[in-house]
Amino acid sequence: MLFTGRITANAEVTAVKGDKQVINFTVAINQRWTNKDGDKKEKSAFVNCAYWRNTGIAEYLTKGAVVEISGWVEAQGYKTNTGEANGRLVCTCDNIKLFSVAAKATQETGKAEKAKAAAGSGADDDDLPF
């Protein structure tokens, strides 16, 4: 399955048996439409994702980031503690494409650059094209 959505919370890296690690995160997929009466409607689906290949990407999988996920999706049913039937979508990810980083990460980078500029390097700053 291939889908695009926003990450709902920062990804978490979890150690499992042996030396393996997995990145767990949830992606919200939104659908918007206008019904025949002209009313705007929206619904969301949440997909729990697990990525086993490279934990280095976890720092970029932050709340609000837009990602495209390809992988194997399955629906899982379960009963809550109160006995109520419930379900969830779970995706074992093969590939992750990062389309945008979350605003918080961008703001932190901008703050660091501003602080560096305010401190000054003491050397002449040339406008180099690289």
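This report describes the fold, strand pairing, nonpolar core and selected buried residues of a predicted model.

## Overall composition

The protein chain of this predicted model contains six strands and one helix. Read from the N terminus, the order of elements is β-β-β-β-β-β-α, which places the helix after the strands.

Of the 130 residues in the protein chain, 22% are buried. The accessible surface amounts to about 9800 Å², and carbon and sulfur atoms contribute 49% of that area. Among contacts in the protein chain with a separation of 6 or more, 56% link residues that lie 24 or more positions apart.

## Strand pairing and hairpins

Strand S2, residues 12-15, pairs with strand S3, residues 21-34, in the antiparallel sense. Four bridges connect the two strands, and in one of the pairings Glu12 has Asn24 of S3 as its bridge partner. S2 and S3 form a hairpin with five residues between them. Gly18 lies in the turn of that hairpin and has a positive phi of about 75°.

A second hairpin is formed by S5 and S6, again with five residues between the strands. In its turn, Gly83 has a positive phi of about 90°. S5 and S6 run antiparallel and are joined by 14 bridges; Val67, for instance, has Leu98 in S6 as its bridge partner. S6 also pairs with S4, here in the parallel sense and over four bridges. Asn48 stands opposite Val90 of S6.

## Nonpolar core

The largest nonpolar core has 18 residues. Within this core, Phe25, Leu61, Ile69 and Ile96 touch the most other members. At least two core residues come from each of strands S1 (2-7), S3, S4 (40-51), S5 (66-79) and S6 (85-100). In soluble globular proteins, nonpolar side chains tend to be buried together.

Leu61 illustrates how separate parts of the chain meet. With residues up to four places away in sequence not counted, Leu61 touches Ile7, Ala9, Asn10, Ala11, Ile23, Phe25, Val67 and Ile96. Two of the residues on that list, Phe25 and Ile96, are themselves among the core members that touch the most others.

## Cysteines

No disulfides are found in a search of the whole structure. Cys91 is in no disulfide, and the nearest cysteine sulfur, that of Cys93, is 4.1 Å away. A disulfide requires the two sulfur atoms to be within 2.5 Å, so the 4.1 Å between the sulfur of Cys93 and that of Cys91 is too far for a bond.

Both residues are buried, as shown by their accessibility. Cys91 counts as buried because its relative accessibility is 0%. Cys93 has a relative accessibility of 3% and therefore counts as buried as well.

## Glu68

Glu68 is located in strand S5. Is this residue buried or exposed? Glu68 counts as buried because its relative accessibility is 18%, and the cut-off for a buried residue is under 20%.

Setting aside neighbours within four places in sequence, Glu68 is in contact with Leu2, Phe3, Thr4, Asn95, Ile96, Lys97 and Phe99. Of these contacts, Ile96 is also touched by Leu61 and belongs to the largest nonpolar core.

How values were computed: Residues are numbered from 1 along each chain as its sequence is written. This is a predicted model: local features need pLDDT of at least 70, side-chain atom pairs count only at pLDDT 80 or more; totals for chains, interfaces and linings use all residues. Side-chain values use heavy atoms; hydrogens and water are left out. Buried means under 20% relative accessible area, exposed over 50%, partly exposed in between (1.4 Å probe, protein chains only). Contact means heavy atoms within 4.5 Å. Accessible areas come from the Shrake-Rupley method with a 1.4 Å probe; for residues, only the protein chains shown count as cover. Two strands pair if DSSP finds at least two bridges between them. A nonpolar core is a set of buried Ala, Val, Leu, Ile, Met, Phe, Trp, Tyr and Cys residues joined through side-chain atoms within 4.5 Å.
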